[in-house]
Amino acid sequence: MLKLIHASKIYAKNGICALNSVDLTVQDGDYISVTGASGSGKSTLMHILGLLDSLSDGEYLLDGAAVAHLPAKQRARLRSEKIGFVFQQFRLLTGMTALENVALPLALQGIPHERSERALAVLERVGLSDRANHRPHQLSGGQQQRVAIARAVVTEPCVILADEPTAGLDPAAADSVLELFDRLHRSGHTLVLITHDERAAQCAARRMHLE
């Protein structure tokens with residue numbers, strides 16, 4: 001489903017090699033954690049997999065199609081259709097309710113009026129249907145992250161990329177997020193988790209460590 005072949009990323013401005021000939025295959029239904037020290041290339045790897053950045057060398061296959069060197073507009077379209085993101089800082093829109101935040105990707109894809117029903121169904125899956133009309137400041141950190149996860153899965157993407165999703169959460173909230181990831185994996189979702197959290201890394205079925 002996702003495949004990196006000798007993938008390298010060198011930042012031309014400073015000559016830093018962030019990824020050096022990395023090979024990675026992510027199959028449908030995989031749950032992979034990516035660990036490594038700061039500066040090892042974890043975030044760069046997520047940006048490449050998420051089509052937020054392009055490779056300097058090598059290839060990236062997404063659903064069998066070569067996507068590493070596509071123009072920015074084509075990458076943005078594929079990103080919207082095939083990839084769900086979960087970020088450390090949630091990145092919820094403060095002026096929107098939880099329901100509106102989850103429905104936003106559907107609106108951006110031009111999906112019509114049933115998007116509210118779909119968004120509410122996903123909020124119910126993450127245990128927050130009773131918080132649908134709450135704004136982010138009315139939710140705890142763990143609840144905000146679960147809204148962010150609901151937003152990531154509402155479009156039924158090929159893969160969910162999570163960047164340090166438990167960082168900054170208290171242990172109970174982190175456990176709740178990891179339990180939700182486990183449920184998503186068992187229901188067939190494909191997950192790639194970038195993390196410094198050893199407990200989070202051990203929850204994945206496969207593990208990749210960047211030197």
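## Strand S6, helix H1 and the largest pocket

In S7, leucine 161 is the bridge partner of phenylalanine 85. This pairing belongs to a predicted model, in which strand S6 (residues 83–86) and strand S7 (residues 159–163) run parallel and are joined by four bridges. Strand S6 is covered on both faces, with Ile83 and Phe85 buried on one side and Gly84 and Val86 buried on the other.

The largest pocket has a volume of about 430 Å³. Of the 16 residues that line this pocket, Ile83, Phe85, Pro105, Leu108 and Arg151 are the closest to its centre. The elements that each give two or more residues to the lining are listed here.

| Element | Residues |
|---|---|
| Helix H2 | 72–82 |
| Strand S6 | 83–86 |
| Helix H3 | 98–108 |
| Helix H5 | 141–153 |

By class, the lining of the largest pocket consists of nine nonpolar, four polar and three charged residues. Phe85 therefore appears in two settings, since the residue is buried in strand S6, where buried means under 20% relative accessible area, and is also among the residues closest to the centre of the largest pocket.

Helix H1 (residues 42–49) is largely enclosed by the rest of the structure, because six of its eight residues are buried. The buried residues of H1 are Lys42, Thr44, Leu45, Met46, Ile48 and Leu49. Just after H1, leucine 51 takes a positive phi of about 60°.

Notes:
Residues are numbered from 1 along each chain as its sequence is written. This is a predicted model: local features need pLDDT of at least 70, side-chain atom pairs count only at pLDDT 80 or more; totals for chains, interfaces and linings use all residues. Side-chain values use heavy atoms; hydrogens and water are left out. Buried means under 20% relative accessible area, exposed over 50%, partly exposed in between (1.4 Å probe, protein chains only). Two strands pair if DSSP finds at least two bridges between them. On a 1 Å grid over the protein atoms alone, a cavity is a set of points where a 1.4 Å probe fits but cannot get out, and a pocket is an open set with protein on both sides within 12 Å along at least five of seven lines; lining residues have an atom within 4 Å of a point. Grid points are joined across faces, edges and corners, and a volume is the space filled by probe spheres set on the points. Ala, Val, Leu, Ile, Met, Phe, Trp, Tyr, Cys and Pro count as nonpolar, Asp, Glu, Lys and Arg as charged, and the others, Gly among them, as polar.
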